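Colleague: I'm still new to reading models. Please take one short stretch of this one and walk me through it closely, then show me how it compares with other places in the chain.

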Amino acid sequence: MTGLGVQGLRAQLGSRDVLHGVDFAVRPGEMLGLVGPNGSGKTTALRCCYRAVSATAGAVVVGGVNVADLARRQLARTVGAVPQEPQSSAGVTVRASVSLGRIPHHGWFERDSAADREIVERCLQQVGLAELAGRDVQALSGGERQRVAIARALTQQPRVLLLDEPTNHLDLRHQLILMELLRDLAAGGLALVVTMHDLRLAVQYCDTLAVMQHGRVITAGPPPDVLDDTVLGEVFGIRAVVRSGPRRSMDILGLADG
Ligand SMILES: Nc1ncnc2c1ncn2[C@@H]1O[C@H](COP(=O)(O)OP(=O)(O)OP(=O)(O)O)[C@@H](O)[C@H]1O
């Protein structure tokens, strides 16, 4: 497996068992949507993948290597993560914030090389932030900050990119722009995992879905196969029509019990 493989992942938060054996896999060039109701364990599973949460059992494997065995810098060069609420310090420009992603490649005390700077400019362009590069990050909208976090993760040049609800702060147009960007990144060979609540976007853009419920992945596969009436009704509590074909789509009809 040259992409990301998650096997039998278990995790505790406080004294609660939150993950009870999570399995999913994503190949390079693919985007997997991790979906499920509130509290099903999506964020925790993602955080285990970049070691923000320590798994109590199981493995996260990238290119045949268990991420638990990687030094911090190697981990950052292997797995890029965009958390739900990216943090930023006052007085830091967009460009400087994005440049932080190069540290795993050269260490804290070395200056960026010309090659580093070129990568930063390319990533700023990729997420549409080139014109805001000199702006203080604190003076950006939520959606713009989200794009700063994505650009920073891209400058790490990881093999796997994990994004926790990346469309949260975005207007409809920017949601589509972001999902198209993620598709382009997958086409460039990245393996992507994206947690999301909008099943319509997930159906339209993800190659595969892994559906979480009560700390487990209960089903995984192509969206039209996975989101059948039973899963839509019993896991998500809705009625919907999922259309397959080259332009997949989903119409929400209402509540399962409505
Ligand atoms: N610090 C904590 N201590 C104990 N339990 C926690 C803690 N943080 C989260 N949990 C619980 O862990 C479970 C999984 O939470 P998680 O955030 O991974 O779910 P999620 O699927 O990402 O939810 P959402 O869609 O609402 O973001 C939930 O039941 C939540 O209440």
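**A close look at Glu165 and its neighbour**

Modeller: At 12% relative accessibility, Glu165 counts as buried (under 20% relative accessible area, against over 50% for exposed and partly exposed in between, with a 1.4 Å probe and protein chains only). Before we go on, this is a predicted model, where local features need pLDDT of at least 70, side-chain atom pairs need 80 or more, and totals for chains, interfaces and linings use all residues. Numbering starts from 1 along each chain as its sequence is written, and side-chain values use heavy atoms, leaving out hydrogens and water.

Find Glu165 in the loop between β7 and α7 (172-187) (strands are DSSP runs of E, at least two residues; helices are runs of H or I, at least four; both are numbered from the N terminus). Its phi is positive, about 45°, although Glu165 is not a glycine. Most residues other than glycine have a negative phi.

Now look at Asp164, which belongs to strand β7, residues 160-164. Asp164 is buried too, yet it has no salt bridge (a Lys or Arg side-chain nitrogen within 4 Å of an Asp or Glu carboxyl oxygen). The nearest side chain of opposite charge is that of Arg47, 6.9 Å away (Lys and Arg count as positive, Asp and Glu as negative; His and chain ends are not counted). What the Asp164 side chain does have is a polar contact of 2.9 Å with the side chain of Thr43; that term means N or O atoms within 3.5 Å, one able to donate a hydrogen and the other to accept it. Leaving aside residues up to four places away in sequence, Asp164 touches Thr43, Leu46, Val82, Pro83, Gln84, Gln146 and Thr195 (heavy atoms within 4.5 Å).

For comparison, turn to His214, in the loop between β9 (208-213) and β10 (216-221). His214 is another residue other than glycine with a positive phi, near 50°. Its surroundings are another matter: His214 is exposed, with a relative accessible area of 60%.

A glycine can show a positive phi as well: Gly128, which follows α5, has one near 75°. In α5 itself, Asp116, Ile119, Val120, Cys123 and Leu124 are buried. Their covering includes α3 (94-99), α4 (103-106) and α6 (142-155). On the face turned away from that buried side, α5 carries the exposed residues Ala114, Glu118 and Gln125.
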